[in-house]
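Hi,

Here is the structure I promised to pass on to you. Please open it up and keep it beside you while you read the rest of this email.

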Amino acid sequence: MPNLGERIRRATRSVRTRIVVSILVTAAFGLGVAGIVSYELQRTAVMQEIDSRLEGQLAEARKVVDAEDSSPTVGDALEHLMSVSVPPEDGGTLGLLDGEVAYTSGMSDEVQLEKIRGFATAAARAAEPGDPQLASFSADGKSYRYLAAPISIGAGGDAGVWVVGIDVGDRLAPLDATFRVYAAIAALSWVVIGLIGWLISGRLLSPLRRLNTTAARISTDALDERIPVTGRDELSAMTVTVNTMLDRIQTGVVQQRQLLDDVRHELKTPLAIVRGELELLEPADPDAVAEARRIGIEEIDRMVLLLDDLADLTEVRTGVPDFAPTDVTALTDDVLARASVLGEREWSVVQRATGDARLDRARIIQAWLQLAENADKYSAAGAPIELGSVGEGDAVRLFVRDHGGPIPAELRARLFDRFVRGEDADRADGTGLGLAIVSAIAAGHGGRADVTSSPEGNTFSIVLPRLPEAARRADEERRVAERMARERDAEREAEQAAEREAGADRETGGAGETGVTGAERAAEDERAATAAADPVPEAEAAHPDATDATADDHSGKVA
C-alpha cells in the first residue's frame, strides 16, 4: 500500500490536479489584474480630483489677493489671505515667509500642515521656480498632495509662499476600504472556483477513471466488461470508441479460440487416418505403399482446403467490407455469367432488382457464387438453377433457387453454422464452412442469410440493406478525416502566408528605415540653412521681455 508521500506525489501528478491548478492560476491572474487595474483607475481619478480641488483653491486665492490692493507687504497679503480662505476638506493651509512658517489658519478640524516634519521646507523649495507647483510629500506613513504658490509685491522684499495641502490617505480611505472588501471577496471566490473546478474536473474525468478500472479488470478470461456511457460530449464519444474497441477485441479473442478449437477438431480425423495408414503400411508391398500415398495426399489436400476455408472465414468476420455504390442489375448479370461455368445445366435469371446498393462487390460475388456452387453440388444432374435479385423496401434480396429435395426444418435452423453439412453431403466434397462464410459476409453488411424449402426446391437468399450502418460509419469517418485534412491544409497555408508576410514586412521595414533616416537628415540640413540665413540677436533671445519690465510696486499678486 503506498505511503502518504507517494499518494501526495500521485495526486500532484494527476490530470485533475493539473486542471484545477491551471484554473486557479488563471482565476488568480484574472482577479488580480481586474482588481489592480480598477484600483489604479479609481486612484488616478481621486488624485485628479485632489489636483482639481487644489487648483480651485488657488483660483479662489487669486481672487482674494486681486480684490485687496492695500497690502503694503507680503506678510500683510499672506495674513489677509489666511484669514479669509477656507481650507479644503481633509486638508489645510499654510503661509511661509522666507521659508519659515509665519501664518496658519487656526482651524482645529483641518490638517495641521505646520506640524508635519519637513513639510514647510519642502513646500518652500517647491515654490522656488516662481510659479505655482503641485507636489507630493510623505511623512510618518502618510502622504500629502499640496500646491505651493509664491506671493510677491513689487521687486525684492520678503519671499512669501501660500500653501494648501490635502491628506491623500484620508481621500483614498474609502477606496482602500472598498478594495479590501474586493480582495476578501476575490479570495473567497478563488477558493470557491477551486472547489467547483475540482468537482467538475472529477465529474468530467470519471469516464477515464472508469476506463482505467475496467481495463484493469479485463483479461482473456473476462472480456465482458464495458464502460457505462453517459452524456453526449467528447469523453462520451471516447467511451463509445473504447467500448467498440473492446467489442472487437472480444470478437477477435472468441474467433481465435473458435479457430483453434476448429483446427484441433477438424484436423484430428485426417491426421488419425494418415497415422493409421502409415502404421499399417507394408513397405515391401508396392500396392499398399501406393494406396497409403493416395490416401495421405487426399487427406493433406482436405486439410489444406480446411485451413483455407477457416482463414477465409476469420478474414470475413474480422475484416471491414470495402463499401462502394454497386448497380444491383449489373451485379446479377455478372454473377450469372460466372455461375454458368460451375456445371453443365441451365442457369437463368428470373428477377433483377434495380438501383444501387452500397456493397463490397467482391465479397458479395463470393457469397452469391458459394450459394450457386452449393445448389450445383446438391441438385440433380441437369436440373435448372435460377438466380435473381429483388428489392424489398430499403433492402435487396439476392437468391439462388434449385429444384433439389426439401431440407428438413431442424437442419435449416443450423445450416449456416460452421461444419454443418446436409444429409447427402457424401455426394460432394467440402468442409462445411461455405454457408458459414456466406452468413459472415451478410452479417458484415448488416444483413442476413436465410433459406426456404418446399417440395419444389430450396431458395437460399442473402438479404442486404442498400445502405448498411457500417457504410454510414465509414462515410462519416471519411468525411471527418477529409475535414480534418482540409483544416490542417488551411492551417499550414495560413502559417506559410504569415511567414511570407512577415518576411515581406522585414524587407519593407529595412527599406523604410533607410528612407526615414535620409528624410530626417534632409530636414536637419534644411533647418540649419534657415537658421544661418535669419539669425536671432543674442541680446534679444536672452531678454525677450526686457522692454516690458514695468510693474505696479504696490499691487500684490499670486504667481
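Below is what turned up in it, told through a few residues that you can find for yourself.

One thing to keep in mind throughout is that this is a predicted model.

**Serine 461 and its surroundings**

A good place to begin is strand E12, which covers residues 457-465 and contains serine 461. Is serine 461 buried or exposed? Its relative accessibility is 3%, so it counts as buried, since the cut-off for buried is under 20%.

Which residues does serine 461 touch, once those up to four places away in sequence are left out? They are Leu371, Arg397, Leu398, Phe399, Arg448, Ala449 and Asp450. With one of these, arginine 397, the side chain of serine 461 also makes a polar contact of 3.3 Å.

**From arginine 397 to a network**

Arginine 397 is worth following further. Its side chain meets that of glutamate 392 in a salt bridge, at 2.8 Å from N to O. Glutamate 392 and arginine 397 belong to one network, together with Arg448 and Asp450, held together by salt bridges that share partners. Arginine 397 is buried, with a relative accessible area of 17%, whereas glutamate 392 is partly exposed at 37%.

**Salt bridges between helices**

How many salt bridges does a search of the whole structure find? The search gives 21. Here are two that you can look up.

In one of them, arginine 171 pairs with glutamate 49, and their closest N and O atoms are 3.0 Å apart. This pair links distant parts of the chain: arginine 171 sits in helix H5 (residues 168-217) and glutamate 49 in helix H2 (residues 15-67), with their positions 122 residues apart. Arginine 171 has a relative accessible area of 17% and is buried, while glutamate 49, at 39%, is partly exposed.

Another salt bridge joins aspartate 334 to arginine 361, with 2.5 Å between the closest N and O atoms. Here too the partners come from distant parts of the chain, 27 residues apart: aspartate 334 is in helix H8 (residues 328-339) and arginine 361 in helix H9 (residues 361-378). Aspartate 334 is buried because its relative accessible area is 19%, and the cut-off for buried is under 20%. Arginine 361 is partly exposed, at 35%.

If you want a starting point on screen, try serine 461 in strand E12, and then step across to arginine 397 through their polar contact.

Happy exploring, and best wishes

Notes:
Residues numbered from 1 in each chain as written. Predicted model: local features only at pLDDT ≥ 70, side-chain atom pairs only at ≥ 80, totals over all residues. Heavy atoms only, no water. Helix = DSSP H or I, 4+ residues; strand = E, 2+ residues; numbered from the N terminus. Buried < 20%, exposed > 50% of the residue type's maximum accessible area, 1.4 Å probe, protein only. Polar contact = N/O pair within 3.5 Å; in protein donor to acceptor, adjacent residues only side chain to side chain. Contact = heavy atoms within 4.5 Å. Salt bridge = Lys/Arg side-chain N within 4 Å of Asp/Glu carboxyl O.
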